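User: Got a minute to go through this one with me? I'd like to start with the strands and then hop around.

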Amino acid sequence: MSDTIVELSHVTKRFGDFTAVRDLSFALTRGSILGFLGPNGAGKTTTLRMMLGILPPDEGTIRVLGKSIGEVRERIGYLPEERGLYKRMRADAAIAYLATLKGMNRADALVKARKLLDGFGLGEFQRVRIEGLSKGMAQKVQLLSAVVHDPEFVILDEPFSGLDPVNQTELEAFIRNLAAEGKTILFSTHTMQHAERLCDRLVILAKGSKRFEGTLDEARGLLPRRARLAAETDLSFLTSVPGVERVTAPGAGSPYWTIDLREGDDGRALLAACFDRKVPLTHFDVAPPSLFDVFVSLVGQAHAEEAVAA
Amino acid sequence: MTMHRTFLIARQEFIKYVTRRGFLISILMFPLWIVVVAVVPQLTSGNDSPRILTVVDQTGGSYREAIRNAIGRDNESRNLAAIAHYSGGFIDLSKLAPVTAQMLAHPDTQASRRAFENMGGLDAVRAQIAAHMKPNAPGFTEPMPRYIYAEPPPGLARNPNPKNIGAALRTEGPSEIDAVVVVPPGFGPGAPEAAFWSNAPRGGLKEFVDNALSDALRLAAIRAVAPNVSDNVMLTDGADLESHSPAHADGSSNAFDQGVPIALAVILFVVSVMNSSVLLQGVVEEKSTRMIEVLLSCATPREITTGKLVGVIAVAITTLLIWGLVLLAMMLLASHETVTLAMSSLRAIATLDTVPLLLLFFLCGLLIYGSLFLAIGSMANSLADAQSLLGPSMLILMLPNLMIAGVMANPNGPLATGLSWVPIYTPFFMMLRIASHPPAWQLWGTATLAIVTTILMIIWTGRVFANNVLTTERPPALGQLIGRLLRRK
C-alpha cells in the first residue's frame with residue numbers, strides 16, 4: 001500500500017484573469033496531519049475544492065489515494081469552512097444522509113450517526129432538527145457528517161472557526177484520535193496555535209503560491225532566533241555586538257528588550273557582552289521564532305513582492 | 001454517474017418538498033381552486049336576482065307579447081333543465097313513461113321542450129315523478145326565472161322620453177326595473193330602431209331581447225306569405241345537432257372533450273411552475289447555507305441536478321395523484337353524471353395510442369421547466385436575485401397560456417402546428433392538440449423534438465449548475481449571463 005495519500009503536481013486554477021492557485025505541488029503521507037496555512041484569499045479553499053473534485057484544476061494533476069478523485073470520493077471526508085446542513089432535518093438523519101451519499105447503507109449510517117452523537121454528548125439531541133441546535137452543536141453535527149463513513153482522508157476547512165475554547169480543545173483531541181487511527185488529515189487554518197499543536201507538516205500559501213512546505217521545526221528555521229532580556233538599564237549598546245541583527249526597546253508596560261539574532265547565532269555573545277558591562281539582567285532567554293512570526297514573514301514577503309511587481 | 005447517489009438525492013428532494021407546509025397548502029388549495037372556478041359562479045348565478053324588463057310597444061302590442069312569450073319559454077326551458085338534473089340524481093328513470101324518461105334524459109332537444117309543454121309544464125312533470133323518487137331524496141327547488149316582465153308605469157307608457165325612462169330604471173332595491181325596451185311605431189326592417197335602455201345590462205338581457213324581437217320580425221315575415229301559420233312555430237328553437245366523434249362511437253358523451261386537453265395542459269403548466277419554483281428555492285437555500293458545497297463533495301453536479309429533477313418529477317406525480325383523487329371525490333359529490341362525462345372524455349383522449357405520448361410530453365415539459373428553474377436557482381444567491389432572473393423567464397413560459405384559445409379554435413391549423421415546433425412549448429401545445437388527432441408525422445416529430453430538447457436542457461443545466469453554484473457574486477448582467485450559459489467549463 002502506497003504511503004502517499006495525496007499528491008498535487010503543478011496545479012494551477014484560474015477564475016477569468018485571476019489566478020487563485022499557481023503551480024502548487026505538495027504531497028501528504030498516510031496518518032499525517034498537514035496544516036494548510038495562508039491568509040484570507042491565499043487559495044486554500046480553492047485548493048481544497050480541487051482536491052475534492054468540486055473544481056477542476058486548469059493545469060496540473062491531483063491524485064488522491066493513488067487514483068483520480070472521482071474514483072475515491074467515498075473515501076474522503078470533508079468539513080467545509082462555511083457549515084451547511086439541511087435545517088429541517090434531524091441531527092441523526094442529516095449525518096446519515098451524507099453517509100449514504102458516501103456509500104453507507106441507511107440503516108448502518110443511522111446506527112453509526114447515533115453512536116457518534118452519543119460520543120460527542122449529543123445523544124439527547126439526535127432527533128432534534130438542525131435548526132433547533134446551538135451553533136456549536138450544529139458544528140459538531142457537521143464534523144460528524146465528515147467522518148461518519150470512516151474516510152481514509154479527511155479535509156477540514158477552518159475547523160476551529162466559531163468554536164469556543166472548550167470545543168476547540170475537544171476538536172484538537174478528536175483530530176489527534178483520527179490520526180492515531182491511521183487517517184490522514186489536512187486542515188486549513190489561519191490560527192497558528194492550532195497548527196503548532198497539531199501538525200506534522202505545514203504548507204503555507206500566499207497569493208495562490210506555495211511559500212513553504214516542511215515540518216514545524218523547518219518552518220521555524222526560516223527565521224533567526226530571538227533573545228529577550230530584562231534589565232533596569234539601557235541595553236541599546238547591544239546593537240554593536242556581533243551576531244545581533246536588531247535591538248528593540250521594551251514597549252509600554254513590558255520590561256523586555258527584544259534582540260533579533262543573525263542566522264546561526266545562539267546568543268552567547270549577547271550574554272557575554274552584558275556580563276562584560278556588568279549589566280544586572282533580571283531575565284534572559286533565547287527562543288526560536290513562533291510559527292506566527294514565520295507566517296507573517298512569509299505572507300508579508302508575498303505582499304511586498306506583489307507590490308513590487310505592481 | 002452513480003444511479004444510487006442520484007436516487008438518494010432524488011429521495012431526499014422528494015421528502016424535503018412533501019414535508020413542507022407549502023406542499024400541504026398547495027394540495028389543499030386545489031379543491032379550493034376548483035370550488036372558486038367551477039362552483040362559486042354556479043352558486044352565485046343561481047342566486048342572481050331576476051332581471052326585470054318592461055316594454056313600451058308603440059306598434060300596438062305584438063312585440064311586447066313576443067318578448068313576454070320568449071320570457072315564458074325561457075322559464076320553461078330552465079324548469080325542464082332543473083327537473084331533468086334533479087331526476088338524474090334522485091329518480092329512477094326506468095320506472096317512468098318512456099316519453100318522460102326520454103325528455104328528462106335529453107332536456108336540451110326541441111322535442112323534449114315540446115313534450116314538456118304538452119305534458120303541462122313543471123307541475124305536471126313533478127306529479128309524474130313523485131312516485132318514483134329514491135329514498136331520502138331532497139325536495140326539488142324550482143329555479144328562479146332569469147327574466148320577469150313588468151308592465152310599464154303609466155307615465156312611461158304614455159311618454160317614453162329619457163327623463164321618464166331614467167326615473168323608471170332601477171337605481172337600487174329589488175322591485176325596480178332593470179331595462180326598458182321602446183318599440184317605435186312602424187318598427188321593422190329598414191324602419192325606426194327599437195331602443196334598449198338600461199343602467200347596467202346584466203345576464204345577456206340585451207341579447208335576449210334582440211333575439212325575441214328578431215324572432216317576432218321573422219314570424220311577421222312568414223305570416224305575410226302564410227297568414228295561417230301558428231304562434232307555436234317556436235322560432236327560438238335551433239336545430240338539434242348532436243356532436244359525435246369516432247372516439248365516442250359507443251355513444252358516450254363528448255361534452256368534456258375540449259376541456260380535458262386544456263385541463264391537462266394547464267395542469268402541466270401549474271404543476272411544472274409550482275414544483276420548479278420549489279426546486280429553485282431549494283437550490284438558492286442550499287447555496288445560501290453552503291449545503292451545496294457539502295453535496296458537491298459527495299456527488300457530481302450531474303448527479304445532483306439529475307437527482308433534483310427526478311425528485312421534482314416524483315413530487316409532481318404525487319401532486320397529480322392527490323389532485324386527481326380530490327377531483328374525483330368532488331365530482332362524485334357533485335353528480336355521478338359529471339364523473340361519467342369526464343371519464344368518458346378522458347378515455348377518449350387517453351387511448352392506448354396516446355397515453356405514452358401524453359406521459360412523454362408531460363414528463364418532458366416538467367423536465368424542461370424544472371431544468372430552467374434549476375439553472376436560474378444556481379445563478380442566484382438569494383430569492384431576490386432569483387426573482388430578477390425569473391421575471392423575464394416567466395413571461396416567456398406564460399405565453400402558451402395566452403394562445404390556448406387560438407390553438408383550440410383550430411387544433412391542427414397553421415398556428416397550432418407552428419407553435420408545436422417551438423422546442424420549449426412543444427409539450428404544452430402537443431398535450432392540447434393530442435385529442436384532435438394531429439398527423440402521425442407531427443406526433444412523432446414533436447415527440448422526438450421534446451426528447452432532444454429535454455436532454456439538451458438537462459445537459460445545459462448541469463453545465464450552468466457546475467459553473468455557477470459555488471459563486472457568491474451578484475447575478476450576471478445579460479451579456480455575462482449569455483456567456484455563462486454557453487460556457488463549457
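**Strands, cores and the chain contact**

Analyst: Sure. In chain A, strand β10 (residues 226-231) runs antiparallel to strand β12 (residues 256-261), and five bridges join them. Keep in mind that this is a predicted model.

User: Which residue stands opposite R228(A) in β12(A)?

Analyst: That's T258(A).

User: And how many bridges pair β10(A) with strand β13 of chain A?

Analyst: Six, again in the antiparallel sense, with β13(A) covering residues 281-287. One pair to look at there is L229(A), whose bridge partner in β13(A) is F284(A).

User: OK, zooming out. What domains is chain A divided into?

Analyst: Domain 1 takes 1-65 + 152-220, domain 2 takes 82-146, and domain 3 takes 226-288. The C-alpha centres of domain 1 and domain 3 of chain A are 37 Å apart.

User: Now the inside. Which residues touch the most other members of the largest nonpolar core?

Analyst: A94(A), I95(A), I155(A), I376(B) and M431(B), out of 135 residues in that core. Helix α14 of chain B (residues 355-379) gives the largest share of this core, 14 residues.

User: What does I95(A) touch, leaving out residues up to four places away in sequence?

Analyst: A113(A), L116(A), V141(A), L144(A), S145(A) and V148(A). There's also another core, lying apart from the largest one, with 25 residues; L53(B), V181(B), A194(B) and L205(B) are among them.

User: Switching to chain B. How many helices and strands are there?

Analyst: Chain B has 20 helices and four strands. It is 489 residues in all, and 33% of them count as buried. Taking the contacts in chain B with a separation of 6 or more, 75% are between residues 24 or more positions apart.

User: Last topic, the contact between the chains. How many residues does each chain put in?

Analyst: Chain B puts in 13 residues and chain A puts in 16 residues.

User: Which elements of chain B give two or more residues to the side that touches chain A?

Analyst: α1 (3-18) and α11 (291-298) of chain B. The largest share of that side comes from α11(B), with six residues.

User: And what's the mix of nonpolar, polar and charged on the side of chain B that touches chain A?

Analyst: Six nonpolar, three polar and four charged.

Notes: Residues numbered from 1 in each chain as written. Chains lettered and ligands numbered in written order. Predicted model: local features only at pLDDT ≥ 70, side-chain atom pairs only at ≥ 80, totals over all residues. Pairing = 2+ DSSP bridges. Domains from an automatic or database assignment. Core = buried A, V, L, I, M, F, W, Y, C linked by C-beta atoms within 7 Å. Buried ≥ 20, exposed ≤ 12 C-beta atoms within 10 Å, placed from the backbone. Contact = placed C-beta atoms within 7 Å. Nonpolar A, V, L, I, M, F, W, Y, C, P; charged D, E, K, R; others polar.
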